[in-house]
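Here's a quick briefing to read with the structure open. Have a look at the model first, then work through the notes below.

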Amino acid sequence: MTRGRFLFVLGCIAGLVGIAEALRSPDVPAAVVAASMLATTLRFATPLTLGALAGLFCERSGVANIAIEGMMLAAAFGAFIVGALTKSLAAGIVAGMVVGALMALLHAWLSVTLRVDQIVSGTVINIMAAGVTGFLSTEVVRRQAISGAGLLPAWRVPGLSEVPVIGPLFQQQPIAWVTLALVVVAHLVLFRTAWGLRVRAVGELPRAAHAAGVSVARTRYAAVMVGGAIAGIGGGYFTLEAVPVFEPMMTNGRGFIALAALIFGGWTPAGAWVASLLFAAANALHINAQQFGIPVPAQVVGMFPYVLTIVILAGAIGRVTPPAAIGQPYVRD
Amino acid sequence: MSATDPAGAGGGGPWLLEARHLTKRYGAVIANRDVSFGVRPGEIVALLGENGAGKSTLVNVLYGMTAPDGGTLLVDGQPVRLRSPRDALARGIGMVHQHFMLVPPFTVAENVALGHEPSRHGAIDLATVEGRVVALAARFGMEVDPHAVIRDLSVGQQQRVEIIKALDRGARVLILDEPTAVLTPQETEGLFHVLRGLAAGGTSVVFISHKLGEVLDIADRIVVMRRGEVVGEVSPADATPESLAAMMVGREVLLRVEKAPATPGEAMVVLRDVQVAGDRGGRAVDGVTFEVRAGEIVGIAGVQGNGQTELVEAIAGLRPVAGGSLWLCGVEAQRLGVRARAALGLAHVPEDRQRHGLVLPFSVADNLVLNRYHLAPLAIRGVRQARAILDLARNLVARFDIRPPIAEVPVQALSGGNKQKVIVARELSHDVRVLVAAQPTRGVDVGSIEFIHRSLVAARDAGAAVLVVSAELDELMSLADRVLVMFRGRVVGEVAGSEATREGIGLLMAGGGRQLGDVET
């Protein structure tokens, strides 16, 4: 992500906090609104960041991924049902990752092995995830009255979480913390390891990787499935960290906003994270406006993330170069 | 001219790499038929043949990129199976592809490391690779910065990176597929220097080319292929360009174009300070001024990517003229569409015939009338006249010797040379006053080249103004009455065709010329 774009994003987030501050009712302290905005932003950014990192590994290897939404939705259901049946939240998370990776395996098989158009493959996965989870949740979960295993407890940073006003920032649930770590790990893996070099090579010029003795298919399968597992953690956020239930279509388009964040972030982990924060801040304003009685129409504020997505994807804030081989199946002769 | 069996080839020591009786088919096409080929340690072998003769298929098999349908490969006398380039690299076979296998946003070191990356504590260890790159570059007299990003390097520099990449993998045999196609004459000299150094150090070199002079210059031994078969093997001492051309084509070939001196008439193409934008922004053509007169052939030379493609597209109407003015046949033309320019008498042989010249699934006949299918008698009140189209097409197929001589087959079934003849036939079949031909003989067999050259000269002699852009200096020097050289979007020099030398033009192509503000009129 370029410096200018980075500053633009920070400015936008500051602006959104500023709007909340300017419009709060006088009996709420400014510091409380600011802290609440930041804490909610961080929380809302979690599924977006995970979705964007999922797309990152997939697309950096040259496989377009519009199926983040479907992968997260299926994983949210898998995490919920396994968590509920085993009464173990940890098992739920593992199940989410497995389901995410399996959905990714399907995407890889369709687009790498069968060379199906990757947008078609992604659409298939999105529709399938919506259909299967919707069916199972009404026909199995509701009929059997399965209830969830509860929510992951917040992990508090000793000391800092006790500080007044900014304390809430340091009381996040596990997946939010893991997400922050994953941004760093993803960067190191992609740019500092041999495997990362291969992933980027097959995403830029697969012929060159093949000629250098790298298996394009194997590398793409691995990258897509690593992405799927990360999307699976993102799915776990919905049913293990946000609410303890599964509802049909509960990802509500966040997989697509994650994709927008990935693109806006220029296919880098840090860029994707910062872009996710921006979208999350827009959402946070929406929630905090209701909470603190800020007198802006909820619909207008709620529109924000989507308007931002359109503006950003239209290339208004400069264009970035996608991985060159994205969307192209590799055919060796 | 019988196929040689390398195992029986006289003397010279054991083969390092040997192929016996290789066969490879693509559908109904036999790319390699019973090909036997070998290379000894420290030897430079040239593999000579026309496009489509099967050279690339053979070396792709040697490098494990392509699996053969039959035959055996031996390394150090031991039979091997190469399932992928990884297997080939492990046995000391390295390759520099015609289209470089370098990842553009990666650094030199990252590209060299790819596929055998050294790691320390899980992190990739690029410092080690950088050290090896510097050492190899120094040893063979090449200048390469391991931190440079590939997309910032010139084609010649990228080629050196490819060579270093292969050597770093421990290549004992280095295969180069048409390595000089993208180089200036000076860069070619530099490459030959490196290759001779490698051979002197014991590395074997397989050098693929269709350029006769180069092959005679660099090779210890020349193996000639035609139509998928090895048709002969000669030592450069016993060969001449004419004898090699005859082996390649299978008959005597006229290497120089025969033409009378030009008699230039009035200016038919006039460019005044023309600017054209490139694909990635910026000015690909940056203020070009020249004229082409009726009855002359003007050639444009230059290393690929110096604005020639954009210039031709701007003249043809495929790309907007961003600044300056363009006149065709006395009419200001920069705002005219393609069809309006054709109506003025402009014919265009595009650089990329597959994309811009032909509709591949359409028949030869439909492709032959693409520029006037809408005019009577081919269409009457908007209805196609199949009979008239076919009659015209059959006539052109016969006149331009298009093979197979069937107007109904899809044009994609034709060879490169015959596809090009379809385009030339179409463009020259109407009243041509200006002909713009970009790379008219790229990927075309020698026999068709001869025919296309004669057609261009005939168009000139009939009074057309002809502009030819080509990467082949020999072609320009023999065909053009005047040669302009482009460098970084500008015309940096002009030489008369009769006085042109490879060295002189090569120097200009590399940017060593004076800037020409205006060409005298």
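In this predicted model, A:Gly62 sits in the loop that links H2 and helix H3 (68–86) of chain A. That loop glycine counts as buried, because 32 C-beta neighbours fall inside 10 Å and the cut-off for burial is 20 or more. The rest of the briefing starts from this residue and then goes through both chains.

**Around A:Gly62**
- Skipping neighbours within four places in sequence, A:Gly62 is in contact with A:Val202, A:Gly203, A:Pro206, A:Arg220, A:Pro323, A:Ala325, A:Ile326 and A:Gln328.
- One of those partners, A:Ala325, is 263 residues away along the chain, yet the two C-alpha atoms are separated by 5.1 Å.

**Chain A overall**
- Chain A comes out with 12 helices and 2 strands.
- In sequence order the pattern reads α-α-α-α-α-β-β-α-α-α-α-α-α-α.
- Its radius of gyration is 20 Å, close to the 20 Å the globule rule gives for 333 residues, so chain A is as compact as a globular protein of that length.
- Along the principal axes, the C-alpha atoms of chain A fill a box of roughly 70 × 55 × 40 Å.
- Of its 333 residues, 53% count as buried.
- Take the contacts in chain A between residues at least 6 apart in sequence: 77% of them join residues at least 24 apart.

**Helix H6 of chain A**
- How far apart are the end C-alpha atoms of helix H6 (residues 174–192) of chain A? They are 26 Å apart, which agrees with the 27 Å expected for 19 residues at 1.5 Å a residue.
- The buried residues in H6(A) are A:Ile175, A:Ala176, A:Thr179, A:Val183, A:Ala186 and A:Leu190.
- As a reminder, an α-helix has 3.6 residues a turn, so residues three or four places apart point the same way.
- The cover over those buried H6(A) residues includes helix H2 (30–60), strand E2 (171–172), helix H7 (194–204), helix H9 (216–242) and helix H11 (269–291) of chain A.

**Where the chains meet**
- On the chain A side 17 residues make contact, and on the chain B side 20 residues do.
- H7 and helix H8 (206–211) of chain A each put at least two residues into the side of chain A that touches chain B.
- By type, the residues on that side of chain A split into 9 nonpolar, 3 polar and 5 charged.
- For the complex, the predictor reports an ipTM of 0.89 and a pTM of 0.80.

**Chain B overall**
- Chain B has 17 helices and 24 strands.
- A compact globule of 521 residues would have a radius of gyration near 24 Å, and the 25 Å of chain B agrees with that.
- The C-alpha trace of chain B spans about 70 × 50 × 45 Å along its principal axes.
- Burial covers 49% of the 521 residues of chain B.
- Contacts between residues at least 6 apart in chain B join residues at least 24 apart in 68% of cases.
- The domain assignment splits chain B into domain 1 (6–92 + 172–249), domain 2 (105–169) and domain 3 (267–509).
- Taken over C-alpha atoms, the centres of domain 2 and domain 3 of chain B are separated by 40 Å.

**Backbone oddities**
- Some background: most residues other than glycine have a negative phi, and most peptide bonds are trans.
- The bond from B:Ala376 to B:Pro377 is cis, with omega near 5°, and B:Pro377 is in the loop between helix H12 (364–368) and strand E19 (379–380) of chain B.
- Another cis bond runs from B:Arg403 to B:Pro404, with omega near 0°; B:Pro404 is in the loop between helix H13 (386–399) and helix H14 (416–428) of chain B.
- A:Lys87 has a positive phi near 55°, in the loop between H3 and helix H4 (89–113) of chain A.
- Is A:Lys87 buried or exposed? A:Lys87 is exposed, with 11 other C-beta atoms within 10 Å.
- B:Glu178 also has a positive phi, about 45°, and lies in the loop between strand E9 (173–177) and helix H6 (185–200) of chain B.
- With 18 other C-beta atoms within 10 Å, B:Glu178 is partly exposed.

**Confidence in chain B**
- Mean pLDDT for chain B is 88, with 95% of its residues at 70 or more.
- Over residues 1–10 of chain B pLDDT stays under 50, and the model has 17 contacts beyond four places in sequence for them.
- Residues 515–521 of chain B are also below 50, with 12 contacts beyond near neighbours in sequence.
- Where pLDDT is low, the predicted coordinates should not be read in detail.

Technical notes:
Residues numbered from 1 in each chain as written. Chains lettered and ligands numbered in written order. Predicted model: local features only at pLDDT ≥ 70, side-chain atom pairs only at ≥ 80, totals over all residues. Helix = DSSP H or I, 4+ residues; strand = E, 2+ residues; numbered from the N terminus. Rg over C-alpha atoms; globule rule 2.2 N^0.38 Å. Buried ≥ 20, exposed ≤ 12 C-beta atoms within 10 Å, placed from the backbone. Contact = placed C-beta atoms within 7 Å. Domains from an automatic or database assignment. Expected span 1.5 Å × (residues − 1). Nonpolar A, V, L, I, M, F, W, Y, C, P; charged D, E, K, R; others polar. pLDDT = per-residue confidence, 0-100.
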